[in-house]
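Subject: Structure for you to look at, with notes

Dear colleague,

I am passing on the structure we spoke about, together with my notes on it. Please read the notes with the structure open beside them, and let me know where your reading departs from mine.

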Amino acid sequence: MSIDKEKALEIVKRYLQDRKREYISIDEKDQIRYEEQKRINYGKYEDTIRNIFVVTYYLEGYYEPIPQFVIVDTETGEVHCTYTKHGYAEEWEDEL
């Protein structure tokens, strides 16, 4: 199975809803980045090389919106992790 940018966006929106993350905006399909052969730094696939989509969503910030980056596997459609300026969102969410 391989997914396209439109499917990646659907997956991320569902993921954010399931995790009850609020956001003010999210990238459109044409803004999603495709990156080949990237090392995954967190989670089940840590230290493996995968092709990924990076979907950015934004939190309300004091001066400007704060970006958060959701990493989606292009082959499986699985969300690997969410990069934030404070680390991986799943790290502290899963502790609760």
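What follows is an account of the overall fold, then of the salt bridges, and then of two backbone angles.

Please bear in mind throughout that this is a predicted model. The secondary structure of the protein consists of two helices and six strands, and, read from the N terminus, the elements are arranged as α-β-β-β-β-β-β-α. The radius of gyration is 13 Å, which agrees with the value near 12 Å that a compact globule of 96 residues would have. Along the principal axes, the C-alpha atoms occupy a box of roughly 40 × 30 × 25 Å. Of the 96 residues, 40% count as buried, and the accessible surface amounts to about 6300 Å², with 46% of it belonging to carbon and sulfur atoms. Among contacts with a separation of 6 or more, 40% are accounted for by residues 24 or more positions apart.

The part that I would look at to begin with is the group formed by Thr82, Arg21 and Glu90. Thr82 belongs to strand β5, which spans residues 79-84, and it is buried, its relative accessible area being 0%. Its side chain makes a polar contact of 2.8 Å with the side chain of Arg21. Once neighbours within four places in sequence are set aside, the residues in contact with Thr82 include Tyr15, Tyr57, Gln68, Phe69 and Val70, as well as Arg21 and Glu90.

Arg21 itself sits in the loop between α1 (5-18) and β1 (25-26), and although it is in a loop, it is buried, with a relative accessible area of 11%. Beyond its contact with Thr82, the side chain of Arg21 makes a polar contact with the side chain of Glu90 at 3.3 Å. This pair also qualifies as a salt bridge, with the closest N and O atoms of Glu90 and Arg21 3.3 Å apart. It links distant parts of the chain, since Glu90 lies in helix α2 (residues 89-93) and Arg21 in the loop between α1 and β1, 69 residues apart. Both Glu90 and Arg21 are buried. Leaving out residues up to four places away in sequence, Arg21 also touches Tyr15, Leu16, Tyr57, Ala89 and Glu93, among others.

How many salt bridges does a search of the whole structure find? The search gives seven, and the bridge between Glu90 and Arg21 can be set beside some of the others. Asp73 forms a salt bridge with Arg50, in which the closest N and O atoms are 2.7 Å apart. Asp73 lies in strand β4 (residues 66-73) and Arg50 in strand β3 (residues 49-59), so this pair ties together parts that are 23 residues apart in sequence. Here the partners are not alike in their exposure, for Asp73 is buried at 1% relative accessibility, whereas Arg50 is partly exposed at 21%.

Glu6 and Lys29 form a further salt bridge, with the closest N and O atoms 3.6 Å apart. This pair, too, links distant parts of the chain, with Glu6 in helix α1 and Lys29 in the loop between β1 and β2 (33-39), 23 residues apart. Glu6 is partly exposed at 42% relative accessibility, and Lys29 is partly exposed at 41%.

There is also a network of salt bridges that links Arg33, Glu35 and Lys38. Lys38 is placed in strand β2 and is partly exposed, with a relative accessible area of 35%. Lys38 and Arg50 are 12 residues apart in sequence, but their C-alpha atoms are 5.4 Å apart in space. With residues up to four places away in sequence not counted, Lys38 touches Thr48, Ile49, Arg50 and Ile52.

Finally, two backbone angles deserve a look when you go through the model. Most residues other than glycine have a negative phi. Gln37, however, has a positive phi near 50 degrees; this residue is found in strand β2 and is exposed, with a relative accessible area of 55%. Asp47 likewise has a positive phi, near 70 degrees, and it lies in the loop between β2 and β3, where it counts as exposed at 52% relative accessibility.

With best wishes

Note on methods. Residues numbered from 1 in each chain as written. Predicted model: local features only at pLDDT ≥ 70, side-chain atom pairs only at ≥ 80, totals over all residues. Heavy atoms only, no water. Helix = DSSP H or I, 4+ residues; strand = E, 2+ residues; numbered from the N terminus. Buried < 20%, exposed > 50% of the residue type's maximum accessible area, 1.4 Å probe, protein only. Polar contact = N/O pair within 3.5 Å; in protein donor to acceptor, adjacent residues only side chain to side chain. Contact = heavy atoms within 4.5 Å. Salt bridge = Lys/Arg side-chain N within 4 Å of Asp/Glu carboxyl O. Rg over C-alpha atoms; globule rule 2.2 N^0.38 Å. Areas by Shrake-Rupley, 256 points an atom, 1.4 Å probe, with all protein chains shown as cover.
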